[in-house]
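Please find below my notes on the model, set out as numbered points. They go from one strand outward to its sheet, then to a helix, the loops and the totals.

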Amino acid sequence: MKRFIYILFTFCTMGLSAQNFGNNGTLPVIAPPQQPNPYQPLESFSNHYPQTNPYNPNELTAIQRNNEMIIREVEEYQRSVNAEIQRQSEIKMLIDSGFPSQAYQDPKNSTYFYQAFDEITSMLKGGKPLNLGRAVFLVENAFYGNALDYSEYQNFIKRKAALCKQKIEDEKLDGNNNLVKNMMLFRLIADTLKFKNKGTEKTLTHLPIKYDYDDYRSQQHYDSHFVTKLMKSGVGQCYSMPLYYLILAEAIGAEAYWSFSPKHSFVKIQDEKGRWYNIELTCGAILSDAHYMNNSYIKAEAIRNKLYLEPMDKTNAVANMLISLARCYYVRYGWDDFFLQCVNTAEQYLDNDLEALKLKADYQTYLTLTIANLLKAPTPEILQQKSPEAYSQYEKMIELYRKIDDLGYEELPDNIYAKWLDYIAKQKEKLERNRTVLLNEIR
């Protein structure tokens, strides 16, 4: 890992240009400070000399040509001085304070990010009740610039919760049993269910949600993993599907937990005997922990450090929404202090701080590379020689990656994840019997 970071550092600093940073997912533009002009206007020189040759009005005099050359030289020198002042100012600012705020780009809509942060933080501090459905809405609404309707969002959830309760009643199941509620919710999301309309007695068909094989990584559209997008389209992926399940579980009073494997998340539930079940919504099946361990590049250290396969309670799930808020903010505005504020606050409430560490490492990497570029330091050794203060930023970056490595994290290759998706899709019919057995147990 250290060799990789060293190579990354060397090549990135050689090609990085602070002037090319944008706000579409890249580094933010650092506004140059307004510097006073240390030179008096030079146009007054020409008042003491004739402007043209008296014998040929179209020809400049030698004195004037000389004056213009001097003016150009002075202006060039002034530009170089101002550029150096700006460069030194930027370096000091980045070392002392990090990237400056980018909220000025869109002061109206960026306000919704701050409002979302305040309300979610209030939930975590106990000022407001923990409400995962509300927290998810706040994040996605901020990304959309307050374009979502919360009443419409709530009504959708209430309708789905009512269908789940109705089906439990129709099948004469125990509506107070946690496993009953979870398994009915699982069926509502993963199966085609028939309902009797109590007003007309007509049979209504409720269709399952589908997996988004086209944009499951949110590369075409960033919001493809949003819960509100799933609600509108009936299509989701391994981030939005479990969150959608947990929001509905919250609405019907079912106890369920969010859990993770590399590049993936799913739902964990527990029966009265303490046995755990993994609800895999991407293929509508119930899988064992062994399945994830054998197919997801999970190291023994990661299991010991509880990075994966652990049930995440509601406090952790709500805190994770601040991680999502930071990501959404970055997509809209780039790196700045608010991004770090979201990550640092979430980290205080997360039992598993892997995602927080990864985001902090990303931020610190780009900060270090930006400073190194401004200092024209293509290697860590040169950076240390030119500025010990700047080199300390490099050391912070290395320390963050060390912490991530020590946790047992290993990046799951995209092709392996794609193969896993294909595998579980093919195994859906075979794994169906697991769900049938579980349903028989609760009847």
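1. In β5 of this predicted model, the side chains of Tyr257, Ser259 and Ser261 point one way, while Trp258 and Phe260 point the other way. All of these residues are buried. In a regular strand, side chains alternate between the two faces of the sheet. Since five of the five residues of β5 are buried, the strand is largely enclosed by the rest of the structure.

2. Which strand does β5 join, and through how many bridges? Five bridges link β5 to β6, residues 264-270, and the two strands run antiparallel. Two of the residues that point the other way from β5 have their partners in β6: tryptophan 258 is bridged to valine 267, and phenylalanine 260 is bridged to serine 265. The hairpin of β5 and β6 has two residues between the strands, and lysine 263 in this hairpin takes a positive phi near 60 degrees.

3. The sheet is open and has four strands, in the order β5-β6-β7-β8, with antiparallel pairing. Its edges are β5 (257-261) and β8 (285-287), each of which pairs on one side only. From one strand to the next, the twist averages 45 degrees. As an edge strand, β5 has a pairing partner on one side only, yet five of its five residues are buried.

4. Helix α6, residues 178-190, lies across β6, β7 (276-280) and β8. Relative to β6, helix α6 runs at about 145 degrees. Helix α6 is also among the elements that cover the buried residues of α5.

5. Helix α5 spans residues 150-170, with 21 residues in total. From its first C-alpha to its last, α5 reaches 30 Å, close to the 30 Å expected at 1.5 Å a residue. The buried residues of α5 include Tyr153, Phe156, Ile157 and Ile168, but also Lys160, Gln166 and Lys167. Besides α6, the cover over the buried residues of α5 includes α4 (132-143), β1 (193-196), β2 (203-206), α7 (227-233) and α8 (240-252).

6. The two ends of α5 deserve a look. At its start, a side-chain oxygen of aspartate 149 comes to within 2.9 Å of the backbone nitrogen of serine 151. Just after α5, lysine 172 takes a positive phi of about 55 degrees.

7. Two further positive phi values occur in loops. Asparagine 146, in the loop between α4 and α5, has a positive phi of about 65 degrees although it is not a glycine. Leucine 309 is not a glycine either, and its positive phi is about 70 degrees; leucine 309 is placed in the loop between α10 (300-304) and α11 (314-333).

8. Are asparagine 146 and leucine 309 buried or partly exposed? Asparagine 146 has a relative accessible area of 39% and is therefore partly exposed. Leucine 309 has a relative accessible area of 7%, so it is buried, the cut-off being under 20%.

9. For the protein as a whole, there are 17 helices and eight strands. Buried residues make up 47% of the 443 residues. About 22900 Å² is exposed, and carbon and sulfur atoms supply 51% of it. Of the contacts between residues at least 6 apart in sequence, 66% join residues at least 24 apart.

Key:
Residues numbered from 1 in each chain as written. Predicted model: local features only at pLDDT ≥ 70, side-chain atom pairs only at ≥ 80, totals over all residues. Heavy atoms only, no water. Pairing = 2+ DSSP bridges. Axes fitted to C-alpha atoms, helices over the stretch in contact; angles between N-to-C directions. Contact = heavy atoms within 4.5 Å. Buried < 20%, exposed > 50% of the residue type's maximum accessible area, 1.4 Å probe, protein only. Areas by Shrake-Rupley, 256 points an atom, 1.4 Å probe, with all protein chains shown as cover. Expected span 1.5 Å × (residues − 1). Polar contact = N/O pair within 3.5 Å; in protein donor to acceptor, adjacent residues only side chain to side chain.
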